[in-house]
Amino acid sequence: AAGVERVPFTPPRLRHTNKIEIPNNMLFNIDDSTEQSKNTSLMQFMHIIFPDMNAILNGQLPNWIQWLSERAILAPKNSTVDTINNIVVSQCFVGPEDVFFGADTTTNQDDATKFPVEYVSSLTPAGLPPHRLILKKNIILILVRNLNPREGLCNGTRLILQDSSNHLLHCKIASGEHQNKP
């Protein structure tokens, strides 16, 4: 048709910007004026995201694996993620802690003097666990490598920690086609 111009559709929230607007009901402000107020705010936040943790811990929620695997917390900084993870592990899961440490030796002795162990241990690069990783039974883990995609072990798969030993985690797949597979 003459005089008709085709204009590509742009969703209202993306018009004139490259930013995505997050609805206010999905935002939570953390009071980080002091360490205590930050931890208090994060605990309140945990109870909003995981309101039935006590029921899970007491065995009152039969489909708790599905319930937990449908929840996630996104944070802009790795330091915030680490703080949230520490609170979840210490406050939301019962049982003994299993502590795992990252490798702190080098294959080349010259590198050992260039990079002190304390410095390397303090690094928290994206995509890698912290040097000191604290886990408890039944905690949700996310696989960060493609180990065996045919068996459902691919990047992003959520796992439930069943047991652990020195260098091995025994997990089962939390959701999807391969749910409950060890």
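Among contacts in the protein between residues at least 6 apart in sequence, what percentage join residues at least 24 apart? In this structure, which is a predicted model, the share of such contacts that join residues at least 24 apart is 47%. With that figure in mind, we can walk through the chain and see some of the places where separated parts of the sequence meet.

The protein has six helices and five strands, and, read from the N terminus, these elements follow the order α-α-α-α-β-α-α-β-β-β-β. Of its 182 residues, 23% count as buried. The accessible surface of the protein amounts to about 13,800 Å², and carbon and sulfur atoms account for 52% of that surface.

A good element to begin with is helix H1, which covers residues 35-49. Because a helix should advance 1.5 Å a residue, the 15 residues of H1 should span 21 Å, and the C-alpha atoms at its ends are indeed 21 Å apart, which agrees with the expectation. The buried residues of this helix are Ser37, Lys38, Ser41, Leu42, Phe45 and Met46, and helix H4, residues 78-92, is included in what covers them.

From the helices we can turn to strand S1, residues 98-101, where Val99 is found. Is Val99 buried or partly exposed? Val99 has a relative accessible area of 32%, and since buried means under 20% and exposed means over 50%, Val99 counts as partly exposed. Leaving aside neighbours within four places in sequence, Val99 is in contact with Arg132, Leu133 and Ile134. Val99 can also be compared with Asn166, which is 67 residues away in sequence, while the two C-alpha atoms are 9.3 Å apart in space.

A second residue to look at is Gly156, which lies in the loop between S3 and S4. Gly156 has a relative accessibility of 43% and therefore counts as partly exposed. Not counting residues up to four places away in sequence, Gly156 touches Ile142 and Leu143. Gly156 and Ile142 are 14 residues apart along the chain, and their C-alpha atoms are separated by 5.6 Å.

The remaining part of the tour concerns empty space. Rolling a probe the size of a water molecule over the atoms shows where such space is left. The largest pocket holds about 2,000 Å³ of space. Of the 50 residues that line this largest pocket, those closest to its centre are Asn85, Pro129, Pro130, Leu133 and Ile142. The elements that give two or more residues to this lining are H4, S1, helix H6 (117-122), strand S2 (132-135), strand S3 (140-142), strand S4 (158-165) and strand S5 (168-173). Which element supplies the largest share of the lining of the largest pocket? That share, eight residues, comes from H4. Sorted by class, the lining of the largest pocket consists of 35 nonpolar, ten polar and five charged residues.

The second largest pocket holds about 730 Å³ of space, and of the 21 residues that line it, the closest to its centre are Met26, Phe28, Phe45, Leu74 and Ala75. Here we meet Phe45 again, which was listed among the buried residues of H1. H1 and H4 each supply at least two residues of the lining of the second largest pocket, and the largest share, five residues, comes from H1. By class, this second lining has 15 nonpolar, three polar and three charged residues.

Note on methods
Residues are numbered from 1 along each chain as its sequence is written. This is a predicted model: local features need pLDDT of at least 70, side-chain atom pairs count only at pLDDT 80 or more; totals for chains, interfaces and linings use all residues. Side-chain values use heavy atoms; hydrogens and water are left out. Helices (H or I, at least four residues) and strands (E, at least two) are DSSP runs, numbered from the N terminus. Buried means under 20% relative accessible area, exposed over 50%, partly exposed in between (1.4 Å probe, protein chains only). Contact means heavy atoms within 4.5 Å. Accessible areas come from the Shrake-Rupley method with a 1.4 Å probe; for residues, only the protein chains shown count as cover. The expected span of a helix is 1.5 Å times one less than its number of residues. On a 1 Å grid over the protein atoms alone, a cavity is a set of points where a 1.4 Å probe fits but cannot get out, and a pocket is an open set with protein on both sides within 12 Å along at least five of seven lines; lining residues have an atom within 4 Å of a point. Grid points are joined across faces, edges and corners, and a volume is the space filled by probe spheres set on the points. Ala, Val, Leu, Ile, Met, Phe, Trp, Tyr, Cys and Pro count as nonpolar, Asp, Glu, Lys and Arg as charged, and the others, Gly among them, as polar.
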